[in-house]
Amino acid sequence: MTEKATILVADDTRMTVQLVRDVLALHGFRVVVAYDGLEALEKVQHEQPDLLILDINMPRMDGYEVCRRLKRNPDTAHIPIVMLSALESVQHRVQGLKLGADDYVVKPFRPAELVARVEAHLRTKRGVDAL
């Protein structure tokens, strides 16, 4: 891979955003951030990220609704979404996946696992885009 992907991180907790940004930047990814759901939708349109890391509990619009809107829009439905949330129940995980999320990682997360999941989804996306 010659060019690293752009990842949009949407979370209202600045410490989480900074940690995820640092981990991804260390692996060469370009990171764009949003601190609420509406800002995330706006950034998707302007930045055209290759993947989203999306918290559920955010102001103005929660991550479930952001996921629902992106997956229903033909222009953004192909973007992989990894939910990153402290909500760890099976019910929350299932809800995120049913709305179209491609993965669900529970906070606190292990940086190496998050990077591995991001890279796996990007490989899959590249394979689909090549068809």
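Select A10 and L54 to begin: in this predicted model, L54 of strand β3 is the bridge partner of A10. Extending the selection to the strands around this pair shows β1 and β3 running parallel and joined by 4 bridges. With L54 still highlighted, add M83, which stands opposite L54 in β4, and then display β3 and β4 together, a pair that is again parallel, here over 3 bridges. To follow the connection between these two strands, trace the chain from β3 through α3 to β4, a β-α-β crossover that is right-handed.

Before leaving β3 (51-54), show its side chains and look along the strand in both directions. L51 and I53 point one way, L52 and L54 point the other way, and all of them are buried.

**The edge of β1**

Select T6 next, which is found in strand β1, residues 6-10. Is T6 buried or exposed? T6 has a relative accessible area of 11% and, because the cut-off for a buried residue is under 20%, T6 counts as buried. To see what surrounds this residue, display R30, V32, P49, D50 and L51, which T6 touches when residues up to four places away in sequence are not counted.

**Helices α2 and α3**

Move on to α2 (37-47) and colour G37, A40, L41 and V44, which are buried. Looking down the helix axis, you will find that these residues cover an arc of only 100°, which puts them on the same side of α2. To see what the buried residues of α2 pack against, display β1, β2 (30-34), β3 and α3.

Then turn to helix α3, residues 63-72, where G63, Y64, V66, C67, L70 and K71 are buried. Viewed down the axis of α3, the buried residues fall within an arc of 160°, so they line one face of the helix. The elements that cover them include α2, β3, β4 and α4, and these can be added to the display one after another.

**From β4 to β5**

Select strand β4, residues 81-85, together with β5, and note that the two pair in the parallel sense over 4 bridges. Within this pair, L84 stands opposite V105 in β5. The chain crosses from β4 to β5 by way of helix α4, residues 90-98, and this β-α-β crossover is right-handed. Now show the side chains of β5, residues 103-106, where both faces are covered: D103 and V105 on one side, and Y104 and V106 on the other, are all buried.

**Loops and backbone geometry**

Following the chain onward, select K107 and P108, and inspect the peptide bond from the one to the other, which is cis, with omega near -5°. P108 itself lies in the loop between β5 and α5 (111-129). As background for this stop and the next two, most residues other than glycine have a negative phi, and most peptide bonds are trans.

Go to Q48, in the loop between α2 and β3, where phi is near 45°, a positive value in a residue other than glycine. Q48 counts as exposed, at 61% relative accessibility. A further positive phi, near 65°, belongs to R60, which is likewise a residue other than glycine; R60 lies in the loop between β3 and α3 and counts as exposed at 57% relative accessibility.

The loop between α3 and β4 contains T76, which is buried, with a relative accessible area of 6%. Leaving aside neighbours within four places in sequence, T76 is in contact with V44, Q45, R69 and L70. If you draw a distance from T76 to P49, C-alpha to C-alpha, the two residues are 9.5 Å apart in space and 27 residues apart in sequence.

**Charges over rings**

Finish with the aromatic side chains. Select K4 and F29 and look onto the ring, since K4 lies over the face of F29, at 4.5 Å from the ring centre. Then select R14 and Y35: the charged end of R14 sits over the ring of Y35, 3.9 Å from its centre. How many aromatic pairs are there? With a pair requiring ring centres within 6.5 Å, the count comes to 0 aromatic pairs.

Terms used
Residues are numbered from 1 along each chain as its sequence is written. This is a predicted model: local features need pLDDT of at least 70, side-chain atom pairs count only at pLDDT 80 or more; totals for chains, interfaces and linings use all residues. Side-chain values use heavy atoms; hydrogens and water are left out. Rings of Phe, Tyr and Trp (its six-membered ring) pair if their centres lie within 6.5 Å; planes under 30 degrees apart count as stacked, over 60 as edge-to-face and the rest as tilted. A charge sits over a ring if NZ of Lys or CZ of Arg is within 6 Å of the ring centre and within 35 degrees of the ring normal. Buried means under 20% relative accessible area, exposed over 50%, partly exposed in between (1.4 Å probe, protein chains only). Two strands pair if DSSP finds at least two bridges between them. A crossover is right-handed if, with the strands pointing away from the viewer, the path from the first strand over the helix to the second runs clockwise. The arc is that of the directions from the helix axis to the C-beta atoms. Contact means heavy atoms within 4.5 Å.
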